[in-house]
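Grab a coffee and let's work through a few exercises on pockets, patches and backbone angles. Have a look at the model first.

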Amino acid sequence: GSGFLSRITREHNLFIMRLPRPASLALLCLFAGLWPGTVRPLTAQVRVAFYPRAGMLAPDEYFYEIYQKFVDEEPTEWTTTYLGRTGIFGLGADITLGEGDLRVRAEVMHAFGGWMAASHSILHPRTLTRPPFVETVWVNFPYDMTLTSVHLVLPTRLRIWKIEPYVSAGIGGKFYRFGSPDRDWPENAVHPEDGFSWSGDLGAGLNAALTERLILDLQVRDAISKYWEKTQNDFVFSLALAWRVY
């Protein structure tokens, strides 16, 4: 038995060595499972879709409020800012691994043309001739925000016709950039600062299969982060048209 197996193995090795190099490599690839025909079942389990996404950024309106001066623990000077809603546009990709429905989603979105309303207030104390009053100066700052994210997308399996709801969760980041105010701004007011902050993202949406490869995606997402000491909830309402490459 063992002598017969040794002989078969020796003859097999001699056969491989006598083959031309291209043929021997092809045969080895076939035995190793690397022949293109054996790769197709694996690639068939990987689905990739690319898409543009557009919608509206609805940030937490109250952005920050900084108290600067106090008298008897009461604020006498402070700065308050509010972020306005604006349009947002981005690109993304969905990757589905294996035969399940769990997807990995990566997106980059940019909010453009936004405005931040800011006020700087000073409390003037009472005098003999007038009551106390607050003097407020209002200005507007243009702002841009770029949101990046990586999510896990889990369908809920509550399918209605070709519409599939899903939930998502992940991590991301926000890049803030502010322009100059549209009018004179007090020097001692607290100006916004450009920068980056990490975010935790929660979302939900609907997928509608228009064709085998074309998918309509409606999404609502909350990007939760910190700007200085304030928790910021930035909601993104968006629509995407995804094309499944394979």
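Below are three exercises, each with a worked solution.

This is a predicted model, in which local features need pLDDT of at least 70, side-chain atom pairs count only at pLDDT 80 or more, and totals for chains, interfaces and linings use all residues. Residues are numbered from 1 along each chain as its sequence is written, and side-chain values use heavy atoms, with hydrogens and water left out.

**Exercise 1.** Describe the lining of the largest pocket.

*Solution.* Start with the space: about 470 Å³. Next, find the centre: of the 25 lining residues, Arg103, Glu164, Asn207, Ile215 and Arg244 are the closest to it. Then sort the lining by type, which gives twelve charged, nine nonpolar and four polar residues. Finally, ask who contributes: β1 gives the largest share, five residues.

**Exercise 2.** Work out which residues form the nonpolar patch on the surface.

*Solution.* List the members: Ile160, Trp161, Ile163, Leu206, Leu210, Leu216, Leu218, Leu239 and Leu241, together showing about 890 Å² of accessible area. Now map them: β9 and β10 are the elements giving two or more residues. Leu218, for one, is in strand β9.

**Exercise 3.** Compare the settings of Trp161 and Trp228.

*Solution.* First, the backbone: most residues other than glycine have a negative phi. Trp161 has a positive phi of about 55°, and Trp228 also has a positive phi of about 55°. Second, the location: Trp161 is in the loop between β6 (133-155) and β7 (163-178), while Trp228 lies in the loop between β9 and β10. Third, the exposure: Trp161 is exposed (over 50% relative accessible area) at 81%, and Trp228 is partly exposed (between 20% and 50%) at 32%.

Technical notes:
On a 1 Å grid over the protein atoms alone, a cavity is a set of points where a 1.4 Å probe fits but cannot get out, and a pocket is an open set with protein on both sides within 12 Å along at least five of seven lines; lining residues have an atom within 4 Å of a point. Grid points are joined across faces, edges and corners, and a volume is the space filled by probe spheres set on the points. Helices (H or I, at least four residues) and strands (E, at least two) are DSSP runs, numbered from the N terminus. Ala, Val, Leu, Ile, Met, Phe, Trp, Tyr, Cys and Pro count as nonpolar, Asp, Glu, Lys and Arg as charged, and the others, Gly among them, as polar. Patches are made of residues with over 30% relative accessible area and no salt bridge: like charges are joined within 9 Å, nonpolar side chains (Val, Leu, Ile, Met, Phe, Trp, Tyr) within 5 Å. Accessible areas come from the Shrake-Rupley method with a 1.4 Å probe; for residues, only the protein chains shown count as cover. A salt bridge is a side-chain nitrogen of Lys or Arg within 4 Å of a carboxyl oxygen of Asp or Glu. Buried means under 20% relative accessible area, exposed over 50%, partly exposed in between (1.4 Å probe, protein chains only).
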